[in-house]
Amino acid sequence: MNSAFKLTFASILFLVFSTNLFAQQFLPSEFPDRIVLTWSENPMNTQSITWRTSSAVTESKAQLILAPNTPIYLEHVETFDAITAFLDVDSVEANYHSVTFRDLQPATTYAYRVGEEGTWTEWYQFTTAPEKGTPFSFIYFGDAQNNLKSQWSRIIRQAYSNLPKAAFMLHAGDLINRTHSDSEWGEWNYAGSFINAMIPSIATPGNHEYNRDEDGTLILDHHWKKQFTFPENGPKGFEETVYFTDYSDLKMISLNSQEIVLDEKSLEIQKIWLEKVLSENTQKWTIITFHHPIYSSGTGRDNKEFREAFKPIFDKYKVDLVLQGHDHSYGRGRNLPSGVANQDPAAQGPVYVVSVSGPKMYNLTFEKWMDRAASNTQLYQLISIEDDHLSYGAYTATGQLYDAFDIIKSDGKPKQFIDKADKAIQEAVELTPGSDKKMSAEEMAEYMRTYKRGN
């Protein structure tokens with residue numbers, strides 16, 4: 001055995017050992033961790049919580065109290081038994097516990113903790129959704145996916161710093177990179193830490209939340225339904241991945257685009273369900289989220305069948321905003337009947353956004369549908385709704401405004417779109433590192449021509 005091989009073999013052993021050590025940082029114990037708020041029912045009067053312990057903890061509890069200004073006195077606390085489910089995946093055995101608090105008051109702050117005697121967590125707080133017509137704001141993240149602890153953590157924490165009273169956080173798929181990876185879900189939860197326990201999450205699955213079993217059937221990451229408790233108001237077989245949530249004047253709809261782009265039957269089922277939901281929709285604002293973009297911002301990508309099936313529905317029911325991920329770059333455009341931005345200023349179709357919050361980056365597409373684009377830039381978005389006004393802002397990892405627009409909806413009048421990108425920092429459209437080794441000189445020249453932007 002030569003020395004070069006010995007070095008390679010030793011390096012492999014080191015990497016394997018290091019990986020195992022790293023994964024151990026997120027092993028469960030008797031103390032609850034991975035505490036995540038979600039909604040499975042009406043956000044005005046319910047709140048769902050999930051958390052994890054070691055498999056030795058077979059029973060766990062949650063305690064709730066109307067958040068007082070005084071210290072919390074236990075004689076006023078209500079105690080709830082959790083539903084417990086075992087999960088053995090990625091060589092990690094754990095129990096996941098969940099409770100849904102019901103009969104809560106709207107727009108009210110409650111304090112809660114989870115565990116049991118000797119292992120109680122600290123007291124956290126959440127605020128229930130307000131009555132219809134109340135202003136609110138939320139955070140939207142594109143793909144987190146990679147280097148979650150080291151690099152995505154600063155994005156979710158910067159977003160929280162900008163909007164600590166966010167109504168919820170929206171994740172547009174690919175929360176992690178490797179399906180069923182407990183260590184990656186450990187990183188995701190580590191990055192969000194107490195934020196996940198105080199602000200509810202709404203998430204739609206991406207392609208990295210799926211793999212296939214031996215007969216080719218798509219399998220959702222085993223962690224998904226254990227650590228999230230999403231609504232089951234979608235079509236049969238798509239519970240907790242295809243669903244809607246009403247918050248104040250907003251209907252937020254999640255579609256499962258991984259199933260749509262890979263399975264014609266799934267596409268048809270979701271299409272029929274969506275048409276029914278939108279036809280019965282009485283909310284003032286409608287936002288739809290899914291992972292694979294209708295219009296792709298990344299080079300070499302397109303979801304033509306998905307677009308042809310669903311875009312006419314979005315247009316018919318005047319969906320306001322479509323929030324997506326997958327392409328690891330940023331793009332924003334609207335009114336796209338034939339793929340050209342702003343063809344018809346009076347059109348009532350949605351604004352399409354693709355964004356990325358993690359550090360994995362792709363080059364931008366050569367297709368000219370975007371009014372605002374970004375490459376090699378981690379972003380998060382803050383979206384506010386007040387009566388007939390929706391305000392959108394995309395922000396960099398350091399909190400700089402990168403893109404902005406408003407949508408105004410007045411009864412009996414066409415929807416107004418106000419582009420505010422001129423108030424943001426300069427567009428970042430440079431090629432990602434290493435592009436000179438992946439692209440020909442002609443491709444690089446075409447890219448620069450596409451994103452010259454009239455400068």
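## Strands, helices and two buried residues

The side chain of Ser 254 makes a polar contact with that of Thr 204 at 2.9 Å, a polar contact being a pair of N or O atoms within 3.5 Å, where within protein one must be able to donate a hydrogen and the other to accept it, and residues adjacent in sequence count only if both atoms are side-chain atoms. The model is a predicted one, in which local features need pLDDT of at least 70 and side-chain atom pairs count only at pLDDT 80 or more, while totals for chains, interfaces and linings use all residues. Residues are numbered from 1 along each chain as its sequence is written, and side-chain values use heavy atoms, with hydrogens and water left out.

Ser 254 belongs to strand β15 (residues 250-254); helices (H or I, at least four residues) and strands (E, at least two) are DSSP runs numbered from the N terminus. Ser 254 counts as buried because its relative accessibility is 1%, where buried means under 20% relative accessible area, exposed over 50% and partly exposed in between, with a 1.4 Å probe and protein chains only. Apart from neighbours within four places in sequence, its contacts (heavy atoms within 4.5 Å) are Ala 203, Thr 204, Thr 241, Val 242, Tyr 243, Trp 273 and Thr 289.

Pro 231, in the loop between α4 (224-227) and β14 (243-247), is also buried, with a relative accessible area of 3%. Residues up to four places away in sequence being left out, Pro 231 touches Trp 39, Ser 40, Glu 239, Glu 240, Tyr 243, Phe 244 and Thr 245. Its C-alpha atom is separated by 15 Å from that of Gln 270, which lies 39 residues apart from Pro 231 along the chain.

An open sheet of four strands runs in the order β4-β3-β7-β8 with antiparallel pairing, two strands being paired if DSSP finds at least two bridges between them. The edges are formed by β4 (78-81) and β8 (124-127), each of which has a single partner strand, so one side of each is left without a neighbour in the sheet. From one strand to the next the twist averages 30 degrees. Strand β7 (residues 109-115) is mostly covered, with six of its seven residues buried. The table sets out the pairings and, for each, one pair of bridge partners.

| Antiparallel pair | Bridges | Residues opposite each other |
|---|---|---|
| β3 and β4 | four bridges | Leu 64 and Glu 78 |
| β3 and β7 | six bridges | Leu 64 and Tyr 112 |
| β7 and β8 | four bridges | Tyr 112 and Tyr 124 |

Helix α2 (residues 148-162) has 15 residues and reaches 20 Å from its first C-alpha to its last, close to the 21 Å expected at 1.5 Å a residue, the expected span being 1.5 Å times one less than the number of residues. Its buried residues are Leu 148, Trp 152, Ser 153, Ile 155, Ile 156, Ala 159 and Tyr 160, and what covers them includes β9 (136-141), β10 (169-171), α3 (182-196) and β21 (379-386).

For the 13 residues of helix α7 (residues 304-316), the expected span is 18 Å, and the end C-alpha atoms are 19 Å apart, which agrees. The helix α7 nevertheless bends by about 35 degrees at Phe 310, with Pro 312 following within four residues; the bend is the angle between axes fitted to the seven residues ending at a residue and the seven starting there. Phe 310 is buried, as are Phe 306, Arg 307, Ala 309, Lys 311, Ile 313 and Phe 314 of α7. Among the elements covering the buried residues of α7 are α5 (257-262), α6 (264-279) and β16 (285-289). After α7 comes Lys 318, whose phi is positive, near 55 degrees.

Notes. Axes fitted to C-alpha atoms, helices over the stretch in contact; angles between N-to-C directions.
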